[in-house]
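Got your viewer ready? Load the model and follow along, selecting residues as we go.

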Amino acid sequence: MGVRPCCGDHSGMMMAPRRLTLLLIIGFVWGSQLVVCREVTLPTGPLYRVAGFPLSLPCTVSGYEGPRTQDFEWFLYKEGAGALQIGVVSTRDQGFPYTPFQGRVRSGEVRVERDSGDQARLVIQRLRPDDQGRYECYTPSTDSRYQGNYSASVVVKVIQDTLLITHSRILSGQPVMEGTELQLTCATSVQSAQHTHVSVTFGVRGSTDSGSLGHNLREIISLDRELRVTPGRGGSYEKRYKDGEITLEKRSGDGGRDLYVMKMSVLAPEDSGSYFCEAAQWILDPSSQWERIAQRTMELGNLSVQPLADSLSISVAPVGEVSLQPGSPLVLTCQVLGAGWWNRSALLVQWMRRGPSGGVEVEVARMGPDGVVSWGDDTSRGGGGSMDKEGDGRFSLRRFSAHPADAGVYRCGVSVYAGRPSPEPSSPATLTQRSEGVTVSLRSKDVSVSAVLDLPRRPLLKRGSTVTLLCNISVMTTGPAQVEVQWLQRKEDPDGKEETPSEDIKGSVLATLTYDGMSRIYSNGSDLSVDRISAGTYRLRIFSAHEVDQGYYQCQAEVWTQDPHGGWYSTGAKTESAMVRVYLYARVADLLLIPLVVGVSSALFVGVVIIATVTCCFMKRLARQRSQIRKTIALIYRVWLAKAGLSSYTAEPCDQEWNGQVRESNTIFAGS
């Protein structure tokens, strides 16, 4: 707040320009007057408030001297009563209220509430029509000088309460199933000469353990005074509002009323409680602040949401155990009860199977919420069957021709998407349950099978040759039968320490010859072939065998038979042969190659050394002879010149060797 001269000070001040001293004195006196004055403030009026509802008038004092806790006194000036003061309430004098307010002050209906030492508010809990008038807030002085304003006033208009709220449906309190849709409607109307707005809120009060209501109040959704929809912050209301599961709509009703319709498309167990609709009337004060001037709440009744788990039941027919002959049809039915209205909740139905000897449960087939059927694996997909919806909550699984591979324990699993007829693929299910199991067994034929693996050994199995393995299979059964044969190889231990491999460790599959004569090669890099050469003999050939083909080999046999409809199926009878070791020896040519290469290399090396040595010695001797001949010719030429008298010559041989040659040359020329 800016510093200003106090409005209550009227001291006259004169300036005499004649003297500088007088100017300074007057300036000091003027500066001493620039002090902060006491100021009392109230909201700008007039204020319109509704009879029967609270009034709150905040009063603030500033620029005061003395203690930080100031006292406040309130007066009422009624219209038409002139300057007649009516004491309302005071913070320092309990006997301050006049007769019209004494009882209301004692009961607390009229009181002063402090916000701080220098701010307090007058509160009238329930306004009466005769409370209308001009209210003055007065602060007794604690200042050393009386300056500023010590009171402020505001006009309060008390208008009639015209806010009405009605409903079109009261909840009966009967339990409803999880996933059910709830729709509640409130109607409001206001008849006021002032421009006011209305906000509406739907909420619920959760019940406590003792069964009483009124605790755990939660706002579900509201439409504020500016027509903005806001979901409640408690629970999951914000997410459900974003997902479109909670909506609030304003409609025009009869008789000038406004209808507010709330929908909750998917009720959850936590939505149980006592529901209410609250309407509030708002007005914009001259200070540009919105104030709630009236409020009404309409109870809409109690709601109990029954968890889906308490009502959902899943059963499978037939019950217990089903025994069939191979080739007979298999029909299983899944019945779903207690999932609510079928057009309101989507279902995901699965058929699961666990083998007769236990193990992992696998999915046979499923029907999604969109009605599309998908099969769990290749065995189920190729088994010849169907999955159908026969009616509301009734789903069937059929096998047109059951085989031993279809035996096991079947269960039906159901996932319910309560209140969501078309859920997104990533949406979690509300609840998932599974039925009791039904055991399906097939009375298969008595089948016995044995297999012996033979390695026809030639003188030796050599690298690069063709290795042949024969699997001799014997089957004893009634009716037609075929055998599916698999060939397996287990690599040899690189250290060569393992003489007999463990039967528990299986090798890798090299090739398969199916019951219908189809061959499948899973090559390890070698050239393989499999065939059947007689009724019970199956052959594996490895062409141009190398080190990678060494190891232990085994054949496995599985018996297939024919059902009455002509279809082939596995009887489940299997056997495997003992392991046979394949070792490849080196060829003779390979054994002779190394010493031959070593011998030739050694001979070539010795020959080269000898030739180099002889050549070196010969070249040295030839060089010496050439040098000797050149010297002899030069000497003869000089001697001849001397004998002819063309020049004088004195022989001065360099060494004794040449002296002899000179003497011999002189003798020759002398004789001539």
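Start by selecting Asp527 and Phe543: Asp527 stands opposite Phe543, which sits in E37. Keep in mind throughout that this is a predicted model.

Now widen the selection to the two strands around that pair. E36 runs alongside strand E37 (residues 537-543), and the two pair in the antiparallel sense over 6 bridges. Add the rest of the sheet and you get 4 strands in an open arrangement, ordered E31-E32-E37-E36, with antiparallel pairing. Strand E31 (448-454) and strand E36 (527-532) are the edge strands, each pairing on one side only. Look across the sheet: ignoring direction, neighbouring strands are turned by 15 degrees against each other on average.

Next stop, the largest nonpolar core. Which of its 32 residues touch the most other members? Select Leu182, Leu184, Phe202, Ile220, Met262, Met264 and Tyr275 to see them. Then colour the strands that give two or more residues to this core: E12 (182-189), E13 (196-205), E14 (217-223), E16 (246-252), E17 (258-264), E18 (273-284) and E19 (290-306). E19 gives the most, with 5 residues.

Zoom in on Phe202 and show its contacts. Leaving out residues up to four places away in sequence, Phe202 touches Leu184, Cys186, Glu219, Ile220, Ile221, Leu248, Tyr260, Met262, Phe276, Cys277 and Leu300.

Last selection: Val349, Met367, Phe395 and Leu397. These are among the 31 residues of another core, which lies apart from the one around Phe202.

Methods. Residues numbered from 1 in each chain as written. Predicted model: local features only at pLDDT ≥ 70, side-chain atom pairs only at ≥ 80, totals over all residues. Heavy atoms only, no water. Core = buried A, V, L, I, M, F, W, Y, C linked by side-chain atoms within 4.5 Å. Buried < 20%, exposed > 50% of the residue type's maximum accessible area, 1.4 Å probe, protein only. Contact = heavy atoms within 4.5 Å. Pairing = 2+ DSSP bridges. Axes fitted to C-alpha atoms, helices over the stretch in contact; angles between N-to-C directions.
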